[in-house]
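Student: I've just opened this one and could use a hand. Can we go through it together?
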Amino acid sequence: MKAARPLDLRLPGRRQISLSAPASASSAFETVPDPTLVASRVNGAIFIETPFGLGRCSGTSVNAPNYSVVFTAAHCINTGGPHGRWMDFRWVFVPGYRYGQRPFGVFPAKWIDTTRQWRTTGSENFDVGAAVVTRNQRGQLLAKAVGGTGIAFGLKARQVFDIHGYPAEEPFDGETQQICTQTPFLGHDARSFLSPGPLNLAVDCDVTGGASGGGWTISGGTVLNSVTNYGYGDDPDTDFGAYFGKEVARLFHRAAGVK
Amino acid sequence: MRLSTLSALIACALCLLPSLAAADPLDIPAAAPPQFRALLRAKLHMRPPGHGFESRFTLKAQHGYTITVVGEGDVVVVEVGRPLSHGKRNPLEELLGFKQSVTAYVARGTVTERRIAASFGKFGKVDVRFRPKGQVLESGPRRRCRGADHFTSRLGVFLGGVRFSGEGGYVAVRSHRARGRLRSPLHLDCSSSRHRFSNRRARPVHGGPSFVPTVLAASRRHGVSSLELLTLRVGKTTLFAAINEESLGSMARMRFALATAPSKKSLVYNEALTRATITPPKPFHGTGTYSAASDGATTWTGPLSASFPGAPRLPLTGAEFKATLTTGF
């Protein structure tokens with residue numbers, strides 16, 4: 001798995017999330033010392049076997065009646081737009097991943113979906129996806145093995161977030177879980193105004209490729225309220241995520257209803 | 001210069017802009033005039049965003065400015081610019097609605113066939129209703145279209161209230177009535193190509209010299225604000241484009257400036273690509289100098305600026321800019 005590359009750098013048409021210089025300390029990711037602790041193990045790395053090689057993203061286990069829902073970025077599920085391609089290859093979620101280790105096992109996806117608008121328009125304002133995973137080799141359901149966050153929709157944009165993920169581009173290597181703690185909402189991307197749908201969110205956090213899909217949590221890390229979508233190469237300190245509105249709620253209910 | 005060449009230039013420019021390079025196709029500014037967007041979409045092989053309509057009307061303001069209100073989808077744009085006189089018009093200016101530079105204020109709002117409404121915070125508010133009056137115009141049919149092959153424009157008047165005042169009062173307008181139109185569909189999906197190749201048959205490829213333009217790009221971005229300059233030299237002509245974007249709470253402000261000039265004097269660079277100087281024409285001012293050291297460090301300095309409505313002489317150089325210079329071999 002160490003050979004995996006950030007998926008977001010492999011997909012044509014994606015903005016690259018890459019760093020050309022170390023980020024300022026104010027927005028720096030910090031390594032989570034022990035990703036197997038209760039608060040951190042709901043976050044994990046996603047590995048996808050594509051014809052182009054092994055890609056990777058980040059994701060979060062979310063509480064649902066089927067105990068098996070993972071939230072991530074839509075572009076880790078489908079390339080987006082009317083001609084989008086599904087990532088219906090081998091797609092696995094590894095909670096608490098560190099240095100190639102799988103402390104809670106591997107949870108392969110059996111169902112993937114994105115917001116409807118992502119599939120029809122590819123709009124960045126709807127870049128949210130979900131997967132329903134099967135049991136790990138020990139026969140455990142995901143949320144029973146590692147727990148899950150709550151999920152909230154329709155909240156005001158002005159929140160203070162903890163940003164989680166497995167950035168794999170320099171200066172990171174994707175082998176450790178990273179967190180930007182208590183990062184306040186900065187504003188909306190100006191370009192977000194040009195596409196239909198809820199305006200996306202910006203926070204101060206130096207994400208790189210591989211962090212896509214990483215959870216943005218509020219309320220002390222207990223409630224998922226966005227996921228990392230993209231950044232700009234000429235401003236590595238700013239991370240953009242989708243607003244969780246009605247369409248994301250519909251996605252959650254679809255995923256939660258999968259048996 | 002023919003419009004097709006210019007639009008290709010712009011399309012190349014957008015492809016090469018650092019942050020736009022890998023941007024989602026929907027990132028073409030909706031604030032830009034429809035013809036600008038349509039050209040770019042066509043050149044970048046983008047799928048039109050579907051059926052719909054566009055409502056628009058224009059008001060005259062002081063200092064020669066016009067204010068155009070455009071409603072499309074759930075986006076309302078107030079676009080401020082100063083039209084060029086007819087004698088100075090060229091195809092490039094047509095891409096920005098016959099303006100050298102525009103400032104667009106973008107907000108989410110209500111856009112229906114009967115109404116345009118949006119709040120622009122401290123800048124003002126638009127709330128008008130469309131009353132069809134007069135002719136229904138149909139454009140000439142286009143060929144090789146999927147779906148509609150022509151535009152239908154319904155003329156009429158917008159009644160209600162428009163109150164808008166730019167930063168520092170550089171432009172202000174208050175109106176209760178304006179003539180405008182509602183046009184549908186939003187875009188035509190027509191092919192401009194005379195030849196369609198079949199994918200079922202192999203076809204010969206004729207090799208030739210590579211076409212690699214010289215590009216000098218400089219940008220700065222912090223949080224939800226960015227300023228980008230692109231200089232694109234293709235043959236004897238150089239295109240200069242500046243885009244300034246800023247998110248202002250519940251709305252965004254976008255500024256665009258475009259110009260072309262003969263390459264010989266407006267973009268000068270050495271063979272080693274360690275130094276370049278640009279001197280673009282209006283609405284740009286001054287010169288910008290690019291320098292690259294042997295360790296790869298670059299600087300982008302000089303008194304270069306661009307004038308946008310409401311932002312005269314916005315500096316386009318400085319230590320916070322990241323600059324690159326590339327060309328073919």
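Tutor: Sure! The accessible surface of chain A is about 9200 Å², and 52% of that belongs to carbon and sulfur atoms; such areas come from the Shrake-Rupley method with a 1.4 Å probe, and for residues only the protein chains shown count as cover. Keep in mind that this is a predicted model, where local features need pLDDT of at least 70, side-chain atom pairs count only at pLDDT 80 or more, and totals for chains, interfaces and linings use all residues. Residues are numbered from 1 along each chain as its sequence is written, and side-chain values use heavy atoms, with hydrogens and water left out.

Student: Why is Asn66(A) called buried?

Tutor: Buried means under 20% relative accessible area, exposed over 50%, and partly exposed in between (1.4 Å probe, protein chains only). Asn66(A) has 13% relative accessibility, so it counts as buried. In chain A, 64% of the 259 residues are buried.

Student: Where does Asn66(A) sit, and what does it touch?

Tutor: You'll find Asn66(A) in the loop between strand S4 (53-62) and strand S5 (69-72) of chain A. Leaving out residues up to four places away in sequence, Asn66(A) touches Val132(A), Leu141(A), Ala255(A), Ala256(A) and Val258(A). Contact here means heavy atoms within 4.5 Å.

Student: What makes the pair Asn66(A) and Ala255(A) a polar contact?

Tutor: A polar contact is a pair of N or O atoms within 3.5 Å; within protein, one must be able to donate a hydrogen and the other to accept it, and residues adjacent in sequence count only if both atoms are side-chain atoms. A polar side-chain atom of Asn66(A) lies 3.0 Å from the backbone oxygen of Ala255(A).

Student: Which residues of helix H3 are buried?

Tutor: In helix H3 (residues 246-256) of chain A, they are Glu247(A), Val248(A), Ala249(A), Leu251(A), Phe252(A), Ala255(A) and Ala256(A).

Note on methods
Chains are lettered from A and ligands numbered from 1 in the order in which they are written. Helices (H or I, at least four residues) and strands (E, at least two) are DSSP runs, numbered from the N terminus.
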